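Student: I should like a close look at a single part of this protein, with the aromatic side chains as the topic. Please set that part in the context of the whole chain.

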Amino acid sequence: MENNKKVAFVTGGTRGIGKSIVEKLGLDGYIVGFNYVNSDIQANELEKDLLSKGIESFSVKFDVSNYEETEKAFSEIYEKYGHIDVLVNNAGITRDKLFIRMKENDFDDVIDINLKGVFNCTKQVVRKMTKQKYGRIINMSSLAGLVGNIGQVNYSASKAGVVGMTKTLAAELGAYGITVNAIAPGFIKTDMTDALSDKIQEKIIESVPMKSVGLPEDISNMVSYLAGDYGRYITGQVISIDGGLSSI
Ligand code: NAP
């Protein structure tokens, strides 16, 4: 079935930054889809909440690190909605440990979800975006991918990989009207950062020039900008949103 409304799809939309992106793109007027891997209840509640605001949404449960599951999910979305105009590769995990204690599966899990997951999802949309001569792809990197971070060899490698993919894809796809950008958040208040001890959180906040944490909306507002008309001529960029952390 074809429809005229733009369709946006956000990976990892049940919580934190992804949830805020889903809400923002919904308010911007997109039909907004999102995926998740565990949080059935949150997914259901989010869909209901969006519906109560007059936003059309849908959710799909699949693991972005699994190519077959991802391919199947996207082909069902295309069957139902006909097109995807905006893809936000947001799903991500951490498995923080000093390198000396890091196990092979700590490394593999993070690379498989944070980096290969971006490949798996992007692969499903790019051919169709080139045919429709329009697309916006926004990838979630991280400050850790730009400057490294103690305890995050796996995570920083995955997020640096996302930067490389973003820049290369932007060069390959620009001629087809597709923009590809990355956002590099600093310390944003979500479940991911709530997992850090109060002591570590205080230490990070102290090191941020703006002396405060970022909020999911700080990221979703930028996604909205890049996905919309204002983002028309921006591609291949990595936009830091970190209260100044990357400037020191
Ligand atoms: P979060 O609160 O932990 O939420 C992660 C989301 O990703 C959830 O919706 C989760 O689904 C989903 N997810 C995890 N593994 C998945 C998989 N294998 N397949 C599909 N979905 C999966 O994380 P967040 O803090 O909002 O972070 C969002 C993104 O921003 C991540 O890429 C993260 O690396 C990046 N980032 C965050 C910060 C920060 O300070 N928070 C800083 C820099 C970069 P379930 O709910 O089903 O588990």
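Tutor: The account below begins with the whole chain, turns to the aromatic residues, and ends with two further positions.

The model is a predicted one. Its protein chain contains nine helices and seven strands. The C-alpha atoms occupy a box of roughly 50 × 40 × 35 Å along the principal axes. A compact globule of 248 residues would have a radius of gyration near 18 Å, and the value of 17 Å for the protein chain agrees with this. Of the 248 residues, 48% are buried. Among contacts with a separation of 6 or more, 74% are between residues 24 or more positions apart. The chain exposes about 12400 Å², of which carbon and sulfur atoms supply 53%. As to charge, there are 28 positive and 31 negative side chains, and the centres of these two sets lie 3 Å apart.

Now to the part requested. The structure holds six aromatic pairs. One of them joins Phe9 to Phe58 in a stacked arrangement, with 6.1 Å from centre to centre and 25 degrees between the planes. The angle counts as stacked because it falls under 30 degrees. This pair links distant parts of the chain, since Phe9 belongs to strand 1 (residues 7-10) and Phe58 to strand 3 (residues 57-61), 49 residues apart. Phe9 has a relative accessible area of 0% and is therefore buried. Phe58, at 9% relative accessibility, also counts as buried, because the limit is under 20%.

Phe9 takes part in another aromatic pair, with Phe74. Here the arrangement is edge-to-face, with 5.2 Å from centre to centre and 65 degrees between the planes. The angle is over 60 degrees, so the pair is classed as edge-to-face. Again distant parts of the chain are linked: Phe9 lies in strand 1, whereas Phe74 lies in helix 3 (residues 67-81), 65 residues apart. Phe74 is buried, as is Phe9. Phe9 thus has a stacked partner in Phe58 and an edge-to-face partner in Phe74. These three residues belong to one aromatic cluster, which is formed by Phe9, Phe58, Phe62, Phe74 and Tyr81.

Two positions outside this cluster may be described in similar terms. Lys5 is found in the segment before strand 1, the strand that holds Phe9. With a relative accessible area of 37%, Lys5 is partly exposed, because this value lies between the limits of 20% and 50%. Leaving aside residues up to four places away in sequence, Lys5 touches Gly29, Ile31, His83 and Asp85. Ser142, by comparison, is 137 residues from Lys5 in sequence and 31 Å from it in space, C-alpha to C-alpha.

Ser39 is found in the loop between strand 2 (31-36) and helix 2 (40-52). Although it is a loop residue, Ser39 counts as buried, at 10% relative accessibility. Apart from residues up to four places away in sequence, Ser39 touches Thr14 and Arg15. Asp28 is eleven residues from Ser39 in sequence, and their C-alpha atoms are 25 Å apart in space.

Technical notes: Residues are numbered from 1 along each chain as its sequence is written. This is a predicted model: local features need pLDDT of at least 70, side-chain atom pairs count only at pLDDT 80 or more; totals for chains, interfaces and linings use all residues. Side-chain values use heavy atoms; hydrogens and water are left out. Helices (H or I, at least four residues) and strands (E, at least two) are DSSP runs, numbered from the N terminus. The radius of gyration is taken over C-alpha atoms; the globule rule is 2.2 Å times the number of residues to the power 0.38. Buried means under 20% relative accessible area, exposed over 50%, partly exposed in between (1.4 Å probe, protein chains only). Contact means heavy atoms within 4.5 Å. Accessible areas come from the Shrake-Rupley method with a 1.4 Å probe; for residues, only the protein chains shown count as cover. Lys and Arg count as positive and Asp and Glu as negative; His and the chain ends are not counted. The place of a charge is taken as NZ of Lys, CZ of Arg, CG of Asp or CD of Glu. Rings of Phe, Tyr and Trp (its six-membered ring) pair if their centres lie within 6.5 Å; planes under 30 degrees apart count as stacked, over 60 as edge-to-face and the rest as tilted.
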